[in-house]
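I opened a fresh page for this one and kept my notes in the order I looked things up. Pull up the viewer and follow along.

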Amino acid sequence: MNASTPRCGADCLSAASASGSSSRTPHPYQKDVHVRMSQQRREKDKDPVRGFLNLPTGAGKTFTMVRWLVTELLASDPSVRVIWLAHNDQLLEQAADCFQDEWSTLKVGALSIKRVKGRAELTRLEGSDARIAVCSIAT
């Protein structure tokens, strides 16, 4: 990745600004997804919320989901833990970087992210205090 490439990958059009706030403005369809996911969460109350985000390539799946997880779950509940699965290391790093970038806009301290690459590293999650685990299983 070179210096001009945003840390969140192709779907994150700009990195955080020098002030620490995100200079990325979600597209209208991303805002709509955010609102719908939040509504579903409120309707389900304390039951686990399950869903599926389906957007075309390059539409911002990582940014959209990470932003929602950070603003709606992680920032409001310190007990929340996230396991993010990706099928290759590039997507794994993209997600980890995007979580870090979005979290940094909140200015509320550090976010612990654990990267797990391959089956042999799965034991690294045992006893971990990481709030985010980004995991890739080698195929």
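**Entry 1: a starting residue.** Which residue in S3 does Trp84 stand opposite? I looked, and Val134 is the partner across from Trp84. One place along, I found Leu85 set opposite Cys135, again in S3.

**Entry 2: how far to trust it.** I reminded myself that this is a predicted model. The mean pLDDT of the protein chain is 77, and 72% of its residues reach 70 or more. I marked residues 1-21 for caution, since pLDDT stays under 50 there. For that stretch the model has 35 contacts beyond four places in sequence.

**Entry 3: the overall layout.** I counted three helices and three strands in the protein chain. Read from the N terminus, the elements run α-α-β-α-β-β. Of the 139 residues, 37% are buried. I also looked up contacts between residues at least 6 apart in sequence: 56% of these join residues at least 24 apart.

**Entry 4: the sheet.** The three strands make an open sheet, ordered S1-S3-S2, with parallel pairing. Strand S1 (82-86) and strand S2 (113-117) each have a single partner strand, so one side of each is left without a neighbour in the sheet. On average, neighbouring strands are turned by 15° against each other, direction ignored. Between S1 and strand S3 (residues 132-136) I noted five bridges in the parallel sense.

**Entry 5: helices on the sheet.** Helix H2 (residues 61-74) packs on the sheet and touches S1 and S3. The direction of H2 makes about 170° with that of S1. Helix H3 (residues 89-104) packs on the sheet too, touching S1, S2 and S3. For H3 I took the angle with S2, and that comes to about 180°.

**Entry 6: the faces of S1.** I followed the side chains along S1 and found that they alternate. Val82, Trp84 and Ala86 point to one face and are buried. Ile83 and Leu85 point to the other face and are not buried.

**Entry 7: aromatic rings.** How many aromatic pairs are there? My search returned one. Trp84 and Phe99 form an edge-to-face pair, 5.5 Å centre to centre with 90° between the planes. The pair links distant parts of the chain, with Trp84 in strand S1 and Phe99 in helix H3, 15 residues apart. Is Phe99 buried or exposed? Phe99 has a relative accessible area of 0%, so Phe99 counts as buried. Trp84 is buried as well, at 16%, which is under the 20% cut-off.

**Entry 8: a charge over a ring.** I then checked Arg24. Its charged end sits over the ring of Phe63, 3.9 Å from the ring centre.

**Entry 9: Leu73.** My last stop was Leu73, which has its place in helix H2. Why does Leu73 count as buried? Its relative accessible area is 15%, and buried means under 20%. Which residues does Leu73 contact, leaving aside neighbours within four places in sequence? I listed Arg41, Trp68 and Val80. I also looked up Ser38, which is 35 residues from Leu73 along the chain; their C-alpha atoms are separated by 9.7 Å.

Methods
Residues numbered from 1 in each chain as written. Predicted model: local features only at pLDDT ≥ 70, side-chain atom pairs only at ≥ 80, totals over all residues. Heavy atoms only, no water. pLDDT = per-residue confidence, 0-100. Contact = heavy atoms within 4.5 Å. Pairing = 2+ DSSP bridges. Helix = DSSP H or I, 4+ residues; strand = E, 2+ residues; numbered from the N terminus. Axes fitted to C-alpha atoms, helices over the stretch in contact; angles between N-to-C directions. Phe/Tyr/Trp six-rings, centres within 6.5 Å; stacked < 30°, edge-to-face > 60°. Buried < 20%, exposed > 50% of the residue type's maximum accessible area, 1.4 Å probe, protein only. Lys NZ or Arg CZ within 6 Å of the ring centre and 35° of its normal.
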